[in-house]
Each structure stands twice: as structure tokens, then as C-alpha cells.
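Ready for some practice in reading a protein model? Work through each exercise with the structure open beside you, and try every task before you look at its solution.

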Amino acid sequence: MVVPRRDGVNEESLQVDKTPRGAGGWLLLLCLLLLVGQPINLAVGAARALGSLPMRGLPLALVILGQLMVAGIGVGAGLALLGSRRGAATFAKGSLLLSAGMDLFVYSTPFVPNNRLPGTTPLFVIASLAYYAVWIAYLSRSKRVQNTFPNT
């Protein structure tokens, strides 16, 4: 039984809401990876690949342009998550799917030069897809994400 206080406020209404909300914890880490990690990864990869541009030509330039667009979408998703914008979790899932598709394309085509040992490409593909799958599962199941972005 809840006993009202003299000022008419129930004790239950004074309890602090302890459900996590906002960009914190793992969600903050995802935001930082989208805002900082993905552009840095793009910059390092593009800088490494640009030396091969005269030999590989237009296909390499188009892949780098595609990677730039995917990274830009990722930055937008990170900003939307940080700002707790409506639909940000869905936008971030789409961004992660695009990033996974781009990684799969880069790993499975000869357009971008690489230093991978023969036979290790499937391991890179599996690791990349697992990385994105974990983040998409987090966005789908996390209580913090559900509390911050209802209707996701």
C-alpha cells in the first residue's frame, strides 16, 4: 500500500526512472565509430589506394566515391543517433547494411588493391559481416535504443 505524504505526492512517483535513455554506453560507442572511425578508415584506405589510381583507373575511383558516400551516410546516422532524432535507429541500421554491402563488394572484387594473404579474404568477409550483424542486432534489441527511439 502506498501511503501519500503530507504534500500529496506518492512515494512511487518520486522514484527515479532508471531505464537507460540517450546516447550513452554502447550506443555512444556506435556513434563514435560512425562519426570518427568510419571516416578515418575511409581516409586511410583511400590514401593507400590512390597510388594505384593511374593503373586501375575509373573502377577504383568509382569504388572510392561509393565508399565516400557510404561513410557520409554513416556520419549522418551517427549525428542522428547522438541527437536522438526520430527514426535514427532505423537510419543507422540502413547505414550499417550499406557499409556491410560496400565491404563485401570491396573484398570480393579486384578493383581496390589489397595486401591480404591468399585465402584470407573469406575470413575478412566473415569478420566484417559479423561486426555489422552485431551492431544491427544491438540496435534491434537494446533497451537503451528502444527507450531512446520508441517505434523502432
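**Exercise 1. Where does S142 sit, and is S142 buried or exposed?**

Keep in mind as you work that this is a predicted model.

Step 1. Find the place in the chain: S142 lies in the loop between helix 6 (121-141) and helix 7 (143-148).

Step 2. Compare the accessibility with the cut-off. Buried means under 20% relative accessible area. S142 has 10% relative accessibility, so S142 counts as buried.

Step 3. Look at the side chain. A polar atom of the S142 side chain lies 3.2 Å from the backbone nitrogen of R144.

**Exercise 2. Describe the overall make-up of the chain.**

Step 1. Count the elements: the protein chain has seven helices and zero strands. Read from the N terminus on, the order is α-α-α-α-α-α-α.

Step 2. Turn to burial. Of the 152 residues in the protein chain, 32% are buried.

Step 3. Consider the surface. The accessible surface of the protein chain is about 9700 Å², and 66% of that surface belongs to carbon and sulfur atoms.

Step 4. Check how far along the sequence the contacts reach. Among contacts in the protein chain with a separation of 6 or more, 72% come from residues 24 or more positions apart.

**Exercise 3. Take helix 4 and work out its span, its buried residues and its packing partners.**

Step 1. Helix 4 covers residues 58-82, which is 25 residues. From first C-alpha to last, helix 4 reaches 36 Å, close to the 36 Å expected at 1.5 Å a residue.

Step 2. List buried positions. Among them in helix 4 are L60, V63, I64, G66, V70, A71, G74, A77, G78 and L81.

Step 3. Use a general rule to read such a list. An α-helix has 3.6 residues a turn, so residues three or four places apart point the same way. Try following G66, V70, G74 and A77, which are among the buried residues of helix 4.

Step 4. Name the partners: the buried residues of helix 4 pack against helix 2 (25-50), helix 3 (53-56) and helix 5 (88-108).

**Exercise 4. What is the sign of phi at S84, a residue that follows helix 4?**

Step 1. Place the residue: S84 is found in the loop between helix 4 and helix 5.

Step 2. Read the angle. Phi of S84 is near 55°, a positive value in a residue other than glycine.

Step 3. Set this beside the general trend. Most residues other than glycine have a negative phi.

Step 4. Add the surroundings: with 36% relative accessibility, S84 counts as partly exposed.

**Exercise 5. Repeat the analysis for helix 5, then look closely at S95.**

Step 1. Check the span. The 21 residues of helix 5 should span 30 Å at 1.5 Å a residue, and the end C-alpha atoms are 30 Å apart, which agrees.

Step 2. The buried residues of helix 5 include A88, A92, S95, L96, S99 and V106. The buried residues of this helix pack against helix 2, helix 4, helix 6 and helix 7.

Step 3. Zoom in on S95 in helix 5. S95 counts as buried because its relative accessibility is 1%.

Step 4. Leaving out residues up to four places away in sequence, S95 touches L34, I73, G74 and A77.

**Exercise 6. Which residues does W135 contact beyond its neighbours within four places in sequence?**

Step 1. W135 is found in helix 6. W135 is buried, with a relative accessible area of 8%.

Step 2. Beyond those neighbours, W135 is in contact with W26, L29, L30, L33 and L96.

Step 3. Compare sequence with space for one partner. W135 and W26 are 109 residues apart in sequence, and their C-alpha atoms are 9.4 Å apart.

**Exercise 7. How many residues has the largest nonpolar core, and how many aromatic pairs does the structure hold?**

Step 1. The largest nonpolar core has 19 residues. L27, L30, L81, L96, L139, V145 and F149 have the most contacts inside this core.

Step 2. Helix 2, helix 4, helix 5 and helix 6 each supply at least two residues of this core.

Step 3. Another core, of nine residues, lies apart from it, with A46, V63, I64 and V112 among its members.

Step 4. Now the rings: the structure holds four aromatic pairs. One of them joins Y131 and Y132 edge-to-face, 5.0 Å centre to centre with 80° between the planes.

Step 5. Finish with burial. Y131 is partly exposed, at 36% relative accessible area, whereas Y132, at 11% relative accessibility, counts as buried.

Terms used:
Residues numbered from 1 in each chain as written. Predicted model: local features only at pLDDT ≥ 70, side-chain atom pairs only at ≥ 80, totals over all residues. Heavy atoms only, no water. Helix = DSSP H or I, 4+ residues; strand = E, 2+ residues; numbered from the N terminus. Expected span 1.5 Å × (residues − 1). Buried < 20%, exposed > 50% of the residue type's maximum accessible area, 1.4 Å probe, protein only. Contact = heavy atoms within 4.5 Å. Polar contact = N/O pair within 3.5 Å; in protein donor to acceptor, adjacent residues only side chain to side chain. Core = buried A, V, L, I, M, F, W, Y, C linked by side-chain atoms within 4.5 Å. Areas by Shrake-Rupley, 256 points an atom, 1.4 Å probe, with all protein chains shown as cover. Phe/Tyr/Trp six-rings, centres within 6.5 Å; stacked < 30°, edge-to-face > 60°.
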